[in-house]
Amino acid sequence: MKICKIKIIWDDGMWIAESEDELGIVLESESFDKLVERVNLAIPEMLELNCNYKGDFQIHFEAERLITRQAVA
């Protein structure tokens, strides 16, 4: 079974999803849940178009959010 690895990061007010493989996924959304939904809908088409794959697959999401703060003096 194919495992699709998707990295999600928070950057400048947007959630961004990218795959680091042949899928070629690059999507963004203001909502984490909507982004996951968009990825879920896009992967079957991207698997067929970019990988010539039509079988079962799993999605592995890796999410990360970086917050820069300043210490109180």
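Among contacts in the protein between residues at least 6 apart in sequence, what percentage join residues at least 24 apart? In this predicted model, the share of such contacts that link residues at least 24 apart is 44%.

The secondary structure consists of one helix and four strands, and the order of these elements, read from the N terminus, is β-β-β-α-β. For a chain of 73 residues the globule rule gives 11 Å, whereas the radius of gyration of the protein is 15 Å, well over that value, so the protein is more spread out than a compact globule. Taken along the principal axes, the C-alpha trace has spans of about 55 × 20 × 15 Å.

With regard to solvent accessibility, 25% of the 73 residues are classed as buried, and the area exposed by the protein comes to about 5600 Å², of which 47% is supplied by carbon and sulfur atoms. The protein carries 8 positive and 15 negative charges, and the mean position of the positive charges lies 3 Å from that of the negative charges.

At the level of single residues, N52 is found in the loop that runs between α1 (32-51) and β4 (57-65). The relative accessible area of N52 is 65%, and because exposed residues are those over 50%, N52 is assigned to the exposed class. Between N52 and I16, which are 36 residues apart along the chain, the C-alpha atoms are separated by 25 Å.

Key. Residues are numbered from 1 along each chain as its sequence is written. This is a predicted model: local features need pLDDT of at least 70, side-chain atom pairs count only at pLDDT 80 or more; totals for chains, interfaces and linings use all residues. Side-chain values use heavy atoms; hydrogens and water are left out. Helices (H or I, at least four residues) and strands (E, at least two) are DSSP runs, numbered from the N terminus. The radius of gyration is taken over C-alpha atoms; the globule rule is 2.2 Å times the number of residues to the power 0.38. Buried means under 20% relative accessible area, exposed over 50%, partly exposed in between (1.4 Å probe, protein chains only). Contact means heavy atoms within 4.5 Å. Accessible areas come from the Shrake-Rupley method with a 1.4 Å probe; for residues, only the protein chains shown count as cover. Lys and Arg count as positive and Asp and Glu as negative; His and the chain ends are not counted. The place of a charge is taken as NZ of Lys, CZ of Arg, CG of Asp or CD of Glu.
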